[in-house]
Amino acid sequence: MLTELEAGVLPAMAELHVSNDILDDRAALEAAWERDGYWFFRDVLDKSAVGRLRSVFLNELSQFGVIDPDDPLARYNGRSLEEFPFRMEPLAERKIWKPFVTEPAIHQFFSRLLADDPFWIPTVEYRATPPVQDRSRARFDYVHQDGFYNAGIPFAICWIPLAEIDSDVGGLVLAEGLHKGPYLHDLSQPPLFPIPDGAVPAHAWRRTTYRPGDVVIMHLNTPHTGVANYSDRFRLSMDIRVMAASGDTPIIGRITTVSQDAVAVQGEDGRSGTFALDDSTYSRGLDGRKVPVDEIPLHFHTGDEVILASRGGRVTVLRPPH
Ligand SMILES: O=C(O)CCC(=O)C(=O)O
Ligand SMILES: [Fe+2]
């Protein structure tokens with residue numbers, strides 16, 4: 001029986017390994033990463049900084065009228081969700097991740113962990129997930145490997161709970177030790193190529209009750225999914241991508257010119273250049289689909305914000321931040 005398919009059931013699963021005791025032991029950290037495909041740290045992010053980020057979410061939810069003003073538990077008050085921005089677009093527009101990662105205590109934690117400055121990839125999801133109405137579906141939202149949809153940029157995913165997230169609220173589950181490939185996505189099922197049910201063995205799934213201050217950092221090929229929210233409140237989290245600054249980081253910037261042969265960008269950090277496009281370029285449009293190279297000028301325009309990775313003067317990845 002494939003337990004993850006049973007409607008409404010969250011299968012029993014083991015707890016995430018906690019890596020707090022190896023935070024300053026590089027060899028042990030690397031071994032844990034290699035073995036498990038993630039690190040989970042408990043109570044390491046400054047709780048005031050996390051609280052400030054949570055307040056921005058709470059303000060937004062109360063402005064939409066879906067929680068009562070100043071309800072710190074973010075309980076859904078039953079108002080219509082028809083106008084609700086499910087991807088929290090207003091927060092995305094304001095780039096509220098920036099003041100968060102530049103909080104000194106947050107910057108310090110990631111610098112210590114990476115033994116380098118963090119380089120943030122602005123692919124950010126602000127999740128304020130309301131309780132599900134339909135309990136006839138499985139509780140796993142959508143099992144996926146981020147790497148499958150983000151070829152070419154070796155980031156790690158940081159998943160940050162902003163409030164307590166227990167098994168009712170749902171949260172994140174991940175498959176331990178399954179990041180070494182091959183991809184589990186089914187290449188014969190375009191356009192989404194879903195991971196077949198049962199491809200992740202039931203014993204690999206891990207979760208925990210998450211609290212503010214905790215953080216999960218995952219390999220980009222670790223299979224994972226959100227879990228449907230069966231509680232009375234919104235599930236609040238932010239996920240963002242990070243690399244070590246001395247790594248092979250992409251340029252984050254704006255397009256200055258684009259044709260089907262080449263694209264020029266001006267990076268935020270001062271790096272810029274013109275890079276060749278060819279059939280090996282993995283280009284992703286706003287809808288997440290791969291864009292054929294001759295259609296790149298239709299999807300990308302001067303002034304657009306992009307993430308661009310290159311090798312030897314050729315673009316390997318070109319995509320909008322989202
Ligand atoms: O929080 C969720 O629902 C899923 C998180 C996720 O897919 C990610 O952080 O990449
Ligand atoms: Fe993901």
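This passage describes the surroundings of ligand 1 and of the iron ion in a predicted model.

Ligand 1 occupies the largest pocket. Its shell is formed by Arg127, His144, Asp146, Ile157, Trp159, Leu172, His224, Gly226, Arg235, Asp239 and Arg241. By residue class, this shell divides into 5 charged, 3 polar and 3 nonpolar residues. Three strands each contribute at least two residues to the shell: S4 (156-161), S8 (224-227) and S9 (235-244). Strand S9 gives the most, with 3 residues.

Polar side-chain atoms approach oxygen atoms of ligand 1. For histidine 144, an N or O atom of the side chain is 3.1 Å from an oxygen atom of the ligand. For histidine 224, the distance from a polar side-chain atom to a ligand oxygen is 3.1 Å. For aspartate 239, the corresponding distance is 3.4 Å. Ligand 1 taken alone exposes 290 Å², and the protein buries 95% of that area.

The iron ion is ligand 2, and three residues coordinate it. The donor atoms are NE2 of His144, OD of Asp146 and NE2 of His224, at 2.1 to 2.2 Å. Along the chain, the donors follow the spacing H-x1-D-x77-H. Two of them link distant parts of the chain. Aspartate 146 belongs to helix H6 (residues 146-149), whereas histidine 224 lies in strand S8, 78 residues apart.

The two sites share residues. His144, Asp146 and His224 coordinate the iron ion, and His144, Asp146 and His224 are also among the residues surrounding ligand 1.

Technical notes: Residues are numbered from 1 along each chain as its sequence is written. Chains are lettered from A and ligands numbered from 1 in the order in which they are written. This is a predicted model: local features need pLDDT of at least 70, side-chain atom pairs count only at pLDDT 80 or more; totals for chains, interfaces and linings use all residues. Side-chain values use heavy atoms; hydrogens and water are left out. A residue is near a molecule or strand if one of its heavy atoms lies within 4 Å of it. A polar contact is a pair of N or O atoms within 3.5 Å; within protein, one must be able to donate a hydrogen and the other to accept it, and residues adjacent in sequence count only if both atoms are side-chain atoms. Accessible areas come from the Shrake-Rupley method with a 1.4 Å probe; for residues, only the protein chains shown count as cover. On a 1 Å grid over the protein atoms alone, a cavity is a set of points where a 1.4 Å probe fits but cannot get out, and a pocket is an open set with protein on both sides within 12 Å along at least five of seven lines; lining residues have an atom within 4 Å of a point. A molecule sits in a cavity or pocket if more than half of its atoms lie within 2 Å of its grid points. Helices (H or I, at least four residues) and strands (E, at least two) are DSSP runs, numbered from the N terminus. Ala, Val, Leu, Ile, Met, Phe, Trp, Tyr, Cys and Pro count as nonpolar, Asp, Glu, Lys and Arg as charged, and the others, Gly among them, as polar. Donors are N, O and S atoms within 2.8 Å of the metal (3.2 Å for Na, K and Ca); water is not among the atoms, so sites may look incomplete.
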